[in-house]
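Biologist: Please take a close look at one part of this model for me, the aromatic pairing. Then work outward from there to the rest of the chain.

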Amino acid sequence: MKYVYYGFGGFIGFICGVAINLIFYLLDQSGVKFADYLIKNFNFFGKYILELIDGLPFLGAVLGVLLVKYLFEREFEEEKD
């Protein structure tokens, strides 16, 4: 049963990451050149931030699984006993 919880946490984290990534995409499409601003002002660090934004769905999935593990740790240990 705990793997169902892990899967659900990963799914919710992935969806949240996609939503945040979509916000940055729509911001860029609306004419606000957020990516250009980051690269011009922060150079390598700006490119790094852009890569993190692109990886938000996967980062969200991992963080969702970790959050479920942290929140339901006691219930998972009781299941073993």
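Modeller: What follows starts with the aromatic rings and then moves to surface patches, a salt bridge and a few single residues.

First, the basis. This is a predicted model, in which local features need pLDDT of at least 70 and side-chain atom pairs count only at pLDDT 80 or more, while totals for chains, interfaces and linings use all residues. Residues are numbered from 1 along each chain as its sequence is written, and side-chain values use heavy atoms, with hydrogens and water left out.

Now the rings. Searching the whole structure gives nine aromatic pairs. Rings of Phe, Tyr and Trp (for Trp, its six-membered ring) pair if their centres lie within 6.5 Å; planes under 30 degrees apart are stacked, over 60 edge-to-face, and the rest tilted. Take Tyr 5 and Phe 76. Their ring centres are 6.0 Å apart and their planes stand at 35 degrees, so this pair is tilted. It joins distant parts of the chain: Tyr 5 sits in helix H1 (residues 2-29) and Phe 76 in helix H5 (residues 73-80), 71 residues apart. Helices here are DSSP runs of H or I with at least four residues, numbered from the N terminus.

The two partners differ in cover. Phe 76 is buried, at 9% relative accessibility. Tyr 5 is partly exposed, at 35%. The cut-offs are under 20% relative accessible area for buried, over 50% for exposed, and partly exposed in between, with a 1.4 Å probe and protein chains only. Both rings belong to one aromatic cluster, made of Tyr 3, Tyr 5, Tyr 6, Phe 72 and Phe 76.

Helix H5 also carries charge. Glu 75 lies in this helix and is partly exposed at 41% relative accessibility. Glu 75 joins Glu 73, Glu 77 and Glu 78 in a surface patch of negative charge. Patch residues have over 30% relative accessible area and no salt bridge; like charges are joined within 9 Å, nonpolar side chains (Val, Leu, Ile, Met, Phe, Trp, Tyr) within 5 Å. Asp and Glu count as negative, and the place of a Glu charge is taken as CD.

Back to helix H1. A nonpolar surface patch consists of Phe 8, Phe 11, Ile 12, Phe 14, Ile 15, Val 18 and Phe 58, with about 670 Å² of accessible area together. Areas come from the Shrake-Rupley method with a 1.4 Å probe. H1 gives the largest share, six residues. One of the patch residues is Ile 15, which is partly exposed at 41% relative accessibility.

Next, helix H2. The structure has one salt bridge, defined as a side-chain nitrogen of Lys or Arg within 4 Å of a carboxyl oxygen of Asp or Glu. Lys 40 and Asp 36 form a salt bridge at 3.8 Å, N to O. Both lie in helix H2, four residues apart, about one turn of the helix. Lys 40 is exposed at 65% relative accessibility; Asp 36 is partly exposed at 40%.

Just past that helix comes Asn 43, in the loop between helix H2 (34-42) and helix H3 (44-54). Asn 43 has a positive phi of about 50 degrees, although it is not a glycine. Most residues other than glycine have a negative phi.

Two spans finish the picture. Asp 54, in helix H3, is 53 residues from Met 1 in sequence and 31 Å away in space, C-alpha to C-alpha. Val 62, in helix H4 (residues 56-71), has its C-alpha 28 Å from that of Gln 29, with their positions 33 residues apart along the chain.

Terms used. Helices (H or I, at least four residues) and strands (E, at least two) are DSSP runs, numbered from the N terminus.
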